[in-house]
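Please look over the sequence and the model below before reading on. The paragraphs after it go from the overall build to single residues.

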Amino acid sequence: MLTVSELAQKSTQYRRNILQYIYGAGAGHTGGSLSCIDILNVLYNTVLNVGPDTFTSPDRDRYIQSKGHTVEALYVVLADLGFFPETDLQTLCRYNSHYIGHPTRKVYGVEQNTGSLGHWLSLSVGTALAAKLDDRAYRVFTLMGDGELPEGSNWEAALLASHYKLDNLCAIVDKNTLQITGPTADVCSTDPLDQKFEAFGWAVRHVDGHDFTALQEAFDALPFATGKPSLVIAHTVKGKGVSFMENQLKWHHGVPSYDQYQQALEELGERAKE
Amino acid sequence: MEKANLDIFSATLQTLAETDRNLLVVTSDSRGSGKLVPFGQRFPKQIVEIGIAEQNLVGVAAGLASAGKNVFAVSPACFLTARSFEQIKTDVCYSNNPVRLVGISAGVSYGALGSTHHSLHDLAALRAVHNLTIVAPADNFETEQAVRLAAQMNTPVYLRFGKKTMPLLSETNREFAFGKGRVVREGEDLTLIATGETVYPALQAARRLETEQGIRARVVSMHTIKPLDYDLLAMVAADGCPIVTVEEHSVYGGLGEGCASFLLQNGFRNRFRIMGIPDEYTVTGSQLEIFAHYGLSETGIERVALELLDRG
Ligand SMILES: [Mg+2]
């Protein structure tokens with residue numbers, strides 16, 4: 001098991017890689033990739049029983065990234081785990097590349113072709129229900145953005161997950177409080193999110209989405225209640241780790257200039273030395 | 001004993017479920033209209049109720065299929081293919097989760113319930129979605145075959161069923177494969193190409209043309225709308241005789257335009273007519289009254305055939 005400082009080092013490297021490949025591609029979802037990367041780090045490195053050798057096993061844990069637009073975070077973690085050579089990411093979004101700007105099963109390690117928002121909690125419910133029906137022990141983890149929660153099918157899925165008592169399902173909301181138009185609370189508020197999910201029959205925990213220990217403790221405590229699906233509301237900062245990107249709307253899919261890229265690397269490099 | 005295709009669908013699923021514990025029926029409060037109550041009684045652990053939530057139905061079905069379940073997702077065609085269209089496109093087809101989507105009471109089967117309950121768009125909409133086989137069985141034989149084949153597919157399929165009792169089309173042609181139209185009556189003077197529950201009136205029209213006019217019409221059950229049987233189309237068009245297509249669907253984007261596209265792009269210049277529901281909200285009536293109103297009937301099809309033969 002990785003220590004907290006090893007996890008921190010990984011996250012710093014992941015952030016550098018995210019910026020490198022977005023800079024190289026001239027496209028990408030920078031802010032959201034930086035807000036969710038610590039969650040992916042903890043999941044893939046300490047929670048999920050999945051890796052390149054077990055990815056085709058029917059008993060593997062499933063990670064389904066509903067907020068598919070932050071695919072850069074997923075790609076750099078999968079590369080680190082050895083699903084594919086990291087150099088492949090140099091083709092990100094290039095003509096004829098398998099590395100599309102949203103998750104695709106063309107890339108080994110990706111479970112579903114996500115990206116259309118509001119779909120994947122339903123699909124995750126189906127995958128978790130299959131485990132219950134087949135008496136398998138795998139769990140399903142679904143990462144959602146806070147901006148995608150107004151999609152109605154999420155709530156259809158939330159209802160059904162508790163109806164079928166899917167305590168092998170864990171949804172995580174990357175609550176970075178921003179979406180492309182502005183603060184999520186201004187666009188279409190979903191607060192109080194915990195009460196809404198609780199009313200739908202879920203067990204809910206809040207966690208600092210950049211605190212490795214807190215994330216691990218939350219995932220260790222799954223399911224939060226027997227017979228209930230679990231929701232982790234991860235409070236995060238969009239653009240986390242790069243001072244001038246943090247909480248700045250324009251970095252939703254902003255691409256750094258050369259100078260900005262160098263400055264970001266410098267900040268992250270200095271942090272790595274701390 | 002002839003039955004509704006939906007009854008055969010349900011009976012075939014039960015037969016399959018006897019040996020396939022992995023087979024799962026998923027419904028959106030639609031087990032009654034899907035004739036699936038007996039299935040649910042026999043296999044209570046192999047039917048999953050979603051509630052009235054068609055988007056969730058398709059998403060959950062995709063998740064179940066991704067985990068290896070043999071999933072038939074059953075819902076009225078009007079809702080399944082419109083409300084859940086994006087789930088079909090993305091969760092099922094793009095992600096290649098091989099769900100067997102079953103649209104029940106398709107076309108104007110719901111008759112006087114009106115346009116909310118009609119699906120006259122589904123073939124057009126779904127034809128434009130990649131990685132989906134689209135099949136509208138015409139009779140009990142085609143239904144059983146289609147359900148059995150669908151259960152074996154490793155890619156998504158859409159089965160489209162009405163709910164009327166359907167006579168057997170042919171005692172002799174017992175061949176069935178997706179993508180291969182069935183010639184259910186031979187003829188040399190023109191070809192009627194129909195799909196689903198309009199094949200039977202096309203066959204009746206062909207019989208009438210022969211007895212009353214001495215005209216011999218070939219009748220094709222083009223059960224698979226995608227992939228269309230281009231070989232058969234080229235074969236029937238080769239003699240230059242007129243072609244009439246008939247479908248319980250908008251005249252836009254369905255069987256007829258699929259055939260026309262192939263024929264025109266491949267040099268065939270046969271006289272050609274698309275019969276279907278015009279671009280309007282239909283007249284009120286039962287399915288057969290609506291068919292009669294728009295000419296999708298024995299006499300209506302005969303009339304168009306005679307026109308194309310300049311004998312109208
Ligand atoms: Mg957000």
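What follows treats chain B as a whole, then the cysteines, then one helix of chain A.

The model is predicted, not determined by experiment. Chain B is made of 12 helices and 12 strands. Its C-alpha atoms fill a box of roughly 60 × 40 × 35 Å along the principal axes. A compact globule of 312 residues would have a radius of gyration near 20 Å, and the 19 Å of chain B agrees with that.

Burial and contacts can be read alongside these dimensions. In chain B, 62% of the 312 residues count as buried. Contacts between residues at least 6 apart in sequence were also sorted by separation: in chain B, 76% of them join residues at least 24 apart.

The outside of chain B can be described by its area and its charges. The accessible surface comes to about 11,500 Å², and carbon and sulfur atoms account for 50% of this area. Chain B carries 29 positive and 34 negative charges, and the mean positions of the two sets are 4 Å apart.

Next come the cysteines. Over all chains, the structure holds 0 disulfides. Why does A:Cys36 have no bond to A:Cys170? The sulfur of A:Cys170 is the closest cysteine sulfur to that of A:Cys36, but the two are 14 Å apart, which is too far for a bond; a disulfide requires sulfur atoms within 2.5 Å. A:Cys36 has 0% relative accessibility and therefore counts as buried, the cut-off being under 20%.

A cysteine of chain B gives a similar account. For B:Cys93, the closest cysteine sulfur is that of B:Cys78, and because the distance is 19 Å, the pair is too far apart for a bond. B:Cys93 has a relative accessibility of 3%, so B:Cys93 also counts as buried.

The last stop is helix α3 of chain A, which spans residues 71-80. Is this helix mostly covered or mostly open? Helix α3 is mostly covered, with 9 of its 10 residues buried. The buried residues run through A:Val71, A:Glu72, A:Ala73, A:Leu74, A:Tyr75, A:Val76, A:Val77, A:Leu78 and A:Ala79. Which elements do they pack against? Their partners in chain A are α1 (4-25), α2 (30-47) and β1 (62-65). After α3 of chain A comes A:Gly82, which has a positive phi, near 90°.

Technical notes:
Residues are numbered from 1 along each chain as its sequence is written. Chains are lettered from A and ligands numbered from 1 in the order in which they are written. This is a predicted model: local features need pLDDT of at least 70, side-chain atom pairs count only at pLDDT 80 or more; totals for chains, interfaces and linings use all residues. Side-chain values use heavy atoms; hydrogens and water are left out. Helices (H or I, at least four residues) and strands (E, at least two) are DSSP runs, numbered from the N terminus. The radius of gyration is taken over C-alpha atoms; the globule rule is 2.2 Å times the number of residues to the power 0.38. Buried means under 20% relative accessible area, exposed over 50%, partly exposed in between (1.4 Å probe, protein chains only). Contact means heavy atoms within 4.5 Å. Accessible areas come from the Shrake-Rupley method with a 1.4 Å probe; for residues, only the protein chains shown count as cover. Lys and Arg count as positive and Asp and Glu as negative; His and the chain ends are not counted. The place of a charge is taken as NZ of Lys, CZ of Arg, CG of Asp or CD of Glu.
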